[in-house]
Structures are given as structure tokens and as C-alpha cells.
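Here are a few exercises to work through with the model open beside you. Try each task before you read its solution.

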Amino acid sequence: MKHKYLLKTLRILCFMLIMLPTVAMADETPEDPTEHTHVASSPVTENRIDASCDKEGSYDSVVYCEVCKEELSRDHCTIAKLTHKWNTGIVTKEATTKQTGEKTYTCTVCGAKKVTSISKKTHFNEIKASNYKKTYNKKSKTYKIKASCLSKDALTYHSNNKNIKVNKNTGKVTVKAKYVGSATITIKSPSTNKYEGTCLKIKFTVLPSKTKIASVINNDKGTLSIFWNKNVSGSGYQLQYSTSSSFKKHTTTKTIKKKSTGKLVLKGIPANKTYYIRIRTMKIVNGKKYYSAWSSSKKGKVKEIKIVYQLLSIEN
Ligand SMILES: [Zn+2]
Ligand SMILES: [Zn+2]
């Protein structure tokens, strides 16, 4: 019995030896005055990586204790990819009636580019316009070119001659004062969804002004003296005389090289035959001849009586 009692005592002693320091320590450390139940803050965002058009973004949603600032939770969240915002695009290759074109769009968010195809044009944007013939003027003069294209869009104009200017957008032509010559005016139509732009060249010519036969006189045998009004718009004249009123046959052409000349004497003209005479002003510009319209014709005839007079005068 005694042995049993000893064993029990020993057990209690051992227990006390093991437990004593623990109890003692707990007794020595005073209870933490800040000990509390955590108070969760509203979540804050950390480690944010913005999304782009081609990549997801992410961030951490973190909850801290408002009292001790201890991190209570952390969620990793993703941000969805952005969508490209395409601009209105520019035509980087015009479509024609033969091949497709290209239109390039740029993303205003990330600068990425995408190319779409433009279908072939079905028609040419044909232009309707005519050549112009105008007459010399002392003062500068303006004209409006009448032109249109199938799409009814605005046309553009260009002149190759600074004396015959054209407004690029309105087609208004301004001819320099006293100018004679010609310009090639290039008219362009735009490309549209349906039409391929085209180009048309027209001639804009300014001719010398007309002159007029003043008189046709027969004084001497076989001779007709022709007088006309001098014309400063030219550099000379061209004169025709013919037995045909239409100048279709039996017509002789004479060139007068000086604008200051106002008379020409035709010799060896047979008597009693009516001649029709007409004249036009001529100007040579850069080696090219420009003619006015023909004057109306005047009749002339060498009279027989003149021959008699001539003979008499010789006898005298
Ligand atoms: Zn806390
Ligand atoms: Zn983008």
C-alpha cells in the first residue's frame, strides 16, 4: 500500500515540475492591452497593372484591420482587356477599276493598326468638258469652265500657262490683258466609293481679234489694191482672194508678216472677173500660229475700161 502511495505522489510531483514553468510564465506576462477583435477596413487596391488592348490587367484587393493594420485578406483580381477604339481610317491605297485598295485604321488607345480592303471601283468618274476658244481682250477677262463628272463631286483644275490662270477649285479662268495663246487645263475628278478618279485635258485658246477689209480699189491695169484695218492683237495677217465666194476653190493665200501693214497690191488679175477677198489676223506665239476668225469678204473686179485708159495713157 505504501508503495502505491509513493508512486502517486511521484506522479503529482512530475506533473507539477512540467506544468509549473508554464503557469509561472503565464503569470509573469501581463495580458496584451491592445488585444481585440480585428476590424476589417474597406478593401484597398494594390499592385495595379492597367489593362491594354491586347493584355488583361490585374490588382490585389486587400483588407487590413483598421486597429492593428494586420492584413486580413488579399484577393488577386484581373481587369478585362480594353477594346480597340478605331479612328475613322485613311485610304492608304486607292482602289481602281483593276485592283482593290486599302484603308488603314489606327486604335486611339494603343496605336495598333488594322487594314481593310476597299473593293474595286465599278466605273471611271468620267469628266465632261469642252475646249474653249476666246478672243483677245484689251483688259484681263474671266471665264467659268463648265465641267462635271459622273459622281457630281467637285473637280479640281490646273493650267500650264501663267497667262491663262485657273482657280484650282472653282474652275474660274483669268486671261491676262492683251494675251493671245493657249493653255492646257487639266481637270481631275475624285475617286469615290463607286468611281475611280480620272483626268481630262482641255485646250483653252485665246485668238487674235478679227480685222476688216476697208476697201478694194482697181486703179491700174490688172491690179487690185486691198486696204484693211490694222489690228494690234496680231503680229501679221493672212489674206485670201478667190473667184469662189465660199473660198472652196481657186483660192490664193497671202501672208503679211507685219501688223503695221495695212495694204496689199495684187497684180496680174484678169479683167471682168469678180474676186472675193477676206482677211484674218494672225499671231505667232512660241512658234505656233493663232488666227482670228475670217473677216466677211469684199468683192473686187478689174474693169476693162481701166485697160483702155491705160492704153490711152501709154499712147500719150
Ligand atoms: Zn487587428
Ligand atoms: Zn487598341
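**Exercise 1.** Work out how strand β2 (residues 57-64) is joined to β3, and how many bridges do the joining.

*Solution.* Start with direction: β2 and β3 run antiparallel, and eight bridges join them. This is a predicted model, by the way, so read everything here as computed. Next, fix the register: Y59 sits opposite C77 in β3. Then follow the chain through the hairpin of β2 and β3, where six residues lie between the strands. Look at K69 in that hairpin, and you'll find a positive phi near 65°.

**Exercise 2.** Place β2 and β3 in their sheet: what is the strand order, and which strands are at the edges?

*Solution.* First add the other neighbour: β1 is joined to β2 by four bridges, again antiparallel. A handy marker here is V44, which stands opposite V62 in β2. That gives an open sheet of three strands in the order β1-β2-β3. Its edge strands are β1 (44-49) and β3, as each pairs on one side only. Ignoring direction, neighbouring strands in this sheet are turned by 20° against each other on average. Finally, check the cover over β3 (residues 71-79): the count of buried residues among its nine residues is zero, so by a cut-off of 20 or more other C-beta atoms within 10 Å, none qualifies.

**Exercise 3.** Now do the sheet containing β4, β5 and β6: what is the order, and what is left without a neighbour?

*Solution.* The order is β4-β5-β6, in an open sheet with antiparallel pairing. Since β4 (90-93) and β6 (113-118) stand at the edges with a single partner strand each, one side of each has no neighbour in the sheet. From one strand to the next, the twist averages 35°. For the register, take β5 (residues 101-106) and β6: six bridges join them, and G101 stands opposite I118 in β6.

**Exercise 4.** Find the largest nonpolar core: how many residues does it have, and which have the most contacts inside it?

*Solution.* The count is 16 residues, and I164, I185 and V206 have the most contacts inside this core. Next, trace where the core comes from: β13 (164-166), β14 (172-175), β15 (181-188) and β17 (199-207) each give two or more residues. Zoom in on I185: leaving out residues up to four places away in sequence, I185 touches I145, Y157, H158, S159, V166, I202 and F204. Lastly, don't miss the second, separate core of 14 residues, which includes Y237, I277, I279 and V302.

Definitions and conventions:
Residues are numbered from 1 along each chain as its sequence is written. Chains are lettered from A and ligands numbered from 1 in the order in which they are written. This is a predicted model: local features need pLDDT of at least 70, side-chain atom pairs count only at pLDDT 80 or more; totals for chains, interfaces and linings use all residues. A nonpolar core is a set of buried Ala, Val, Leu, Ile, Met, Phe, Trp, Tyr and Cys residues joined through C-beta atoms within 7 Å. A residue is buried if 20 or more other C-beta atoms lie within 10 Å of its own, exposed if 12 or fewer, and partly exposed in between; C-beta atoms are placed from the backbone. Two residues are in contact if their C-beta atoms, placed from the backbone, lie within 7 Å. Two strands pair if DSSP finds at least two bridges between them. Axes are lines fitted to C-alpha atoms, for helices over the stretch in contact, and angles run from 0 to 180 degrees between N-to-C directions.
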